[in-house]
Structure formats: C-alpha cells, structure tokens
Amino acid sequence: MGATPPTSITTNEGFYADGTGDVLIGDADGHRISFDGTDLFMSSSKFYLGGSSNFISGSTGNIKIFSEGDTTLSGSSVNIATPKFFFGNPSNFISGSDGNIKIFSTGDTTLSGSSVTVATPKFYLGESDNFISGSNGNIKIFNSGETTISGSSVNVQTPKFYFGESGNFISGSE
C-alpha cells in the first residue's frame, strides 16, 4: 500500500508484508521500521518506547532513559563519553563538568581498594570546625575537640614551633 506500493522491504514507500516475514512500514530509503526475518531496523528523527513510568525516548540529538525501578547498563566495557554527567539525586550524587568531579552524600561515603591515591596540590577534608586542609605547601589541622597524633615514632621537624595558647605554651625558633 502507498502511492507507489513497495514490492519488497528495500523499495519505495508505504506498507509491505510478505509470507516470509519481511515487513516494511515507511520509506525504504528513509524513516521506517523494517524486518527481514532476522534483523529489525528502526529509523526516525524522534522516538518513544515505553510508558509513563519506564521509557527510552529520543529527539533533537538527545536520548532519555527513565525508570521508576532498577536500570542496568552492562557489558564487558561500558563507556560514557560526555563533558557533563550526573548520577543520583539532589541529596546523594556523583557529577562532573568543566574538568571537575563532585561526590556528595548525606550518609557514609567509602573509597576502598588495595591502594587509593588522592593526588592534588590542594585538599580539604572535614567541615568548618573540624578539618585537615592543605595548599601551597602548607597543611592545617583544626579541631574544636581533642586531636591525637600517635605512633611508635612521631617526629616533628621544623625550625619554628608553637604549642598551646597565649597563657600556656611551648615554643621554639632559630
């Protein structure tokens, strides 16, 4: 069926079906759904597969995958190549853009492995009243409570030091 009806799944435009399982809906050289008994081919500038709670859609160069349940991407190698990404929800997420990666969690966050290396010229661990930070060759440890440095051998090597506060301290300098 069509203005010039197709005579196979590879010619003309319209609807074609034969007794061997070959089917064409659309333009054999353009947007279409065709099946040759083995391979399914779908071509469209826009698509929507699914319902309101689970779907895959695409248009204007974008693809959206939405699920109210679990969504799994699997394979021997899954690559996501994009300049921006966001995994999670507003209160627990991993995101990245402009060369930065942010990990945020309202609960516990664990980095684990036989070796975890954080290589950066600047770091900040903690919050405003309890933290360890470092930048420009300096390290600062601040705690509003008790701070313990312990070990079988603790060496503090510096030309200047100051322990305590204005009324009670130990200090030294060259």
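Phe-123 stands opposite Gly-134 of strand S12, and this pairing is a convenient place to enter the predicted model. Strand S11 and strand S12, the latter covering residues 130-135, run antiparallel and are joined by 5 bridges. Another position along this ladder is Gly-126, whose bridge partner in S12 is Phe-131. The connection between S11 and S12 is a hairpin that passes through 2 residues.

These two strands belong to an open sheet of 3 strands, which follow one another in the order S11-S12-S13 with antiparallel pairing. The edges of this sheet are formed by strand S11, residues 123-127, and strand S13, residues 138-143, each of which pairs on one side only. Between neighbouring strands of the sheet the average turn is 10 degrees, with direction ignored. In a regular strand, side chains point alternately to one face of the sheet and to the other.

A second open sheet contains 4 strands in the order S1-S2-S3-S4, again with antiparallel pairing. Its edges are strand S1, residues 13-17, and strand S4, residues 40-43; each has a single partner strand, so one side of each is left without a neighbour in the sheet. Here, too, neighbouring strands are turned against each other by 10 degrees on average when direction is ignored. Within this sheet, strand S3, residues 32-35, is joined to S4 by 4 bridges, and the two strands run antiparallel. One position to look for in the structure is Ile-33, whose bridge partner in S4 is Met-42.

From these sheets one can turn to the aromatic side chains, for which a search of the whole structure finds 9 aromatic pairs. One of them is the pair of Phe-55 and Phe-66, which is stacked, with 5.5 Å from centre to centre and 25 degrees between the planes. Phe-55 lies in strand S6, residues 54-59, whereas Phe-66 lies in strand S7, residues 62-67, so the pair ties together parts that are 11 residues apart in sequence. How buried or exposed is each of the two rings' residues? Phe-55 counts as buried, because its relative accessibility of 13% falls under the 20% cut-off. Phe-66, at 33% relative accessibility, counts as partly exposed.

The rings of Phe-93 and Phe-104 form another such pair: their centres are 5.7 Å apart and their planes stand at 25 degrees, so this pair is stacked. Phe-93 belongs to strand S9, residues 92-97, and Phe-104 to strand S10, residues 100-104, so the parts tied together by this pair are 11 residues apart in sequence. Phe-93 counts as buried at 13% relative accessibility, while Phe-104, with a relative accessible area of 37%, is partly exposed.

Returning to Phe-55 and Phe-66, the reader will find that ring pairs link both of them with Tyr-48 into a cluster. The loop between S6 and S7 contains Thr-60, which at 70% relative accessibility counts as exposed, because this value is over 50%. Thr-60 and Lys-46 are 14 residues apart in sequence, and the distance between them in space is 7.5 Å from C-alpha to C-alpha.

The chain as a whole can now be considered. It has 15 strands and 0 helices. Its radius of gyration is 31 Å, well over the 16 Å that the globule rule gives for 174 residues, so the chain is more spread out than a compact globule. Along its principal axes, the C-alpha trace spans about 100 × 30 × 30 Å. Among the contacts in the chain with a separation of 6 or more, residues 24 or more positions apart account for 1%.

The surface completes the picture. Of the 174 residues in the chain, 10% are buried, and Phe-55 and Phe-93 are included among the buried residues. The chain exposes about 14600 Å², and carbon and sulfur atoms supply 52% of this area.

Conventions
Residues are numbered from 1 along each chain as its sequence is written. This is a predicted model: local features need pLDDT of at least 70, side-chain atom pairs count only at pLDDT 80 or more; totals for chains, interfaces and linings use all residues. Side-chain values use heavy atoms; hydrogens and water are left out. Two strands pair if DSSP finds at least two bridges between them. Axes are lines fitted to C-alpha atoms, for helices over the stretch in contact, and angles run from 0 to 180 degrees between N-to-C directions. The radius of gyration is taken over C-alpha atoms; the globule rule is 2.2 Å times the number of residues to the power 0.38. Buried means under 20% relative accessible area, exposed over 50%, partly exposed in between (1.4 Å probe, protein chains only). Contact means heavy atoms within 4.5 Å. Accessible areas come from the Shrake-Rupley method with a 1.4 Å probe; for residues, only the protein chains shown count as cover. Rings of Phe, Tyr and Trp (its six-membered ring) pair if their centres lie within 6.5 Å; planes under 30 degrees apart count as stacked, over 60 as edge-to-face and the rest as tilted.
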